[in-house]
Amino acid sequence: MRQEMASLNHRAIFAIAGPIVLSNVTTPLLGIVDTAVIGQLGDPKYIGGVALGALIFTSVYWTFGFLRMGTTGLTAQARGAADEPELRAALGRALLIALLGGGLLIALQWPLRFISFALLDGTAEVEALARSYFDIRIWSAPAALANYALLGWFIGLERARTALLLQVFLNGLNIALDFWFVAGLGWGVAGIAAGTLLAELSAALLGVIVALRYLRKSRKSEGGQWDWRRIMARAPLLRTIAINRDIFIRTVALLAAFAWFTAQSAKAGNVVLAANAILLQFVSVSAYFLDGFAFAAEVFVGKAIGARDPRALLAAVRLSGIWAAAMAILISLAYLLSGAVIIDLLTIDPDVRGMGREFLGWAVAMPIVSVWCFLLDGIFIGATRGPEMRNASLASTGIFLLLWWALLPLGIDGLWLAFLLFNVARAVTLGAYFPRLVRGLQV
């Protein structure tokens, strides 16, 4: 395994990052299509309704992001240690948690809806549309969480092309259904939610079929059985729970900052909410591009940890960092040159267009500033260092809220500046733990 790790190079990074970037492009593309389709109805309340409804599920589902992140790290480490039974057991544990978590969300949908809309202060018209979105999409919870687990497992196996195909299927089907339900059948916001529901269910079914085929093929190898006793073994199960708990807390802290940003936008009115929703699509696009290289760092850092190879760890960080920084610069240049045109494509409302142009500079700056926190997230996810990620995220969110309060006199510009500095804080607080991570492998 050390010989395999020694062969890490630019081509190996791109073997993971390339398919992941391509698959990730389809996810923000879905958000852009949602915004563009609903934006053609000519009233910013429809964009705001989708934005608030989608924010609830983004927040809730991303709190279960440990299913993707923890599964990738644990799978990559099992692969680095050549532990085939544990590699397969990692998927079983993740799917079990996904089904239990998704069922719990459905069971608690009424209090979840009440709390969500109590926290998000939109207008009555926007909230009514967002509620219809929520009532439909909540039923996809088990499938959505299972998709996280499957994606993390395939990435940890270095089967990035499989992850690509599943994501393209999910988002491509979702886009097609959005056009049909909204433009064709006139279902409005409810059509956006119904398209997402059916796409997530279909993608989860396909992913499970592909995973089971992989497991059946590998059962002939020694130790390749998918053993439920191994899945439920006390020591690895407790480790999985501990890692997922810390990543869960980390994700809740980060999403609190994103939710606060959108809630403050909603308080400023429908036009500001719609404009910031469009600009957040810019932020999402950059994040999904940069995450491709963070995912590569997850895989190769995880393998290096499993193989106890500090040189491979540093090589993974260096190579991933070079390409992530280059990608961030390219994205910022693209936004600078074409951002105004993209805004016009996403909405026909003149007030929203003008507001979007006014704050476009913040979306242009975001990729260059945030690339380092994304990369460090990938490094520590691959290392399954949950406590460090938890502590850094809690500190960063606290810093964001203090900055928001201090910058209130600057209005919406102050909100964006606090959001930008929030990503700086994420990088600084997490980066402080990196030397200790390296030293741990050198002992």
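**Exercise 1. Where to read with care**

In this predicted model, how many contacts beyond four places in sequence does the stretch 220-224 have, given that its pLDDT stays under 50?

*Solution.* Start with the stretch itself: residues 220-224 have six such contacts in the model, and their pLDDT stays under 50. Next, set this beside the whole chain, which averages a pLDDT of 83, with 90% of the residues scoring at least 70. Then turn to the N terminus, where residues 1-6 also have a pLDDT below 50. That stretch has 16 contacts in the model beyond near neighbours in sequence. Now go through the elements: helix α1 (residues 2-6) has the lowest mean pLDDT, 48, whereas helix α18 (residues 412-431) has the highest, 96. A reminder to finish: where pLDDT is low, the predicted coordinates should not be read in detail.

**Exercise 2. Two positive phi angles**

Find Glu158 and Thr384 in the model: which loops hold them, and is each one buried or partly exposed?

*Solution.* Take Glu158 to begin with. Its phi is near 65°, a positive value in a residue that is not glycine. Glu158 sits in the loop that links α8 (141-156) to α9 (160-184). Its relative accessibility is 25%, so Glu158 counts as partly exposed.

Now do likewise for Thr384. Phi is near 50° here, again positive in a residue other than glycine. The loop in question runs between α16 (360-382) and α17 (386-406). Thr384 counts as buried because its relative accessibility is 11%, and the cut-off for buried is under 20%.

**Exercise 3. The largest pocket**

Work out which element gives the most to the lining of the largest pocket, and what classes of residue the lining has.

*Solution.* Begin with the space: the largest pocket holds about 560 Å³. Its lining consists of 23 residues, and Ser59, Leu119, Leu255, Ala256 and Ala259 lie nearest the centre. Two or more lining residues come from each of α3 (44-62), α6 (109-119), α12 (234-267) and α17. Of the elements, α12 gives the most, with ten residues. Sorting the lining by class gives 17 nonpolar, five polar and one charged residues.

**Exercise 4. A cavity**

How many cavities of 30 Å³ or more does the structure hold, and which residues line the second largest?

*Solution.* There are four cavities of 30 Å³ or more. The second largest has about 80 Å³ of space. Going along the chain, its lining residues are Phe66, Leu67, Gly70, Thr71, Leu74, Ala90, Arg93, Ala94, Ile97, Thr240 and Asn244. The elements that each supply two or more of these are α4 (66-80), α5 (84-107) and α12. Helix α4 gives the most, with five residues. By class, this lining has six nonpolar, four polar and one charged residues.

**Exercise 5. The nonpolar core**

Which residues touch the most other members of the largest nonpolar core, and what does Trp416 touch?

*Solution.* The core has 138 residues, and Tyr61, Leu105, Ile379 and Trp416 touch the most other members. Helix α13 (residues 270-307) gives the most to this core, with 22 residues. Finally, pick out Trp416 and leave aside residues up to four places away in sequence: its contacts are then Phe261, Asn276, Leu279, Leu280, Val283, Phe359, Trp362 and Met366.

Definitions and conventions:
Residues are numbered from 1 along each chain as its sequence is written. This is a predicted model: local features need pLDDT of at least 70, side-chain atom pairs count only at pLDDT 80 or more; totals for chains, interfaces and linings use all residues. Side-chain values use heavy atoms; hydrogens and water are left out. Helices (H or I, at least four residues) and strands (E, at least two) are DSSP runs, numbered from the N terminus. Buried means under 20% relative accessible area, exposed over 50%, partly exposed in between (1.4 Å probe, protein chains only). On a 1 Å grid over the protein atoms alone, a cavity is a set of points where a 1.4 Å probe fits but cannot get out, and a pocket is an open set with protein on both sides within 12 Å along at least five of seven lines; lining residues have an atom within 4 Å of a point. Grid points are joined across faces, edges and corners, and a volume is the space filled by probe spheres set on the points. Ala, Val, Leu, Ile, Met, Phe, Trp, Tyr, Cys and Pro count as nonpolar, Asp, Glu, Lys and Arg as charged, and the others, Gly among them, as polar. A nonpolar core is a set of buried Ala, Val, Leu, Ile, Met, Phe, Trp, Tyr and Cys residues joined through side-chain atoms within 4.5 Å. Contact means heavy atoms within 4.5 Å. pLDDT is the predictor's confidence in each residue, from 0 to 100.
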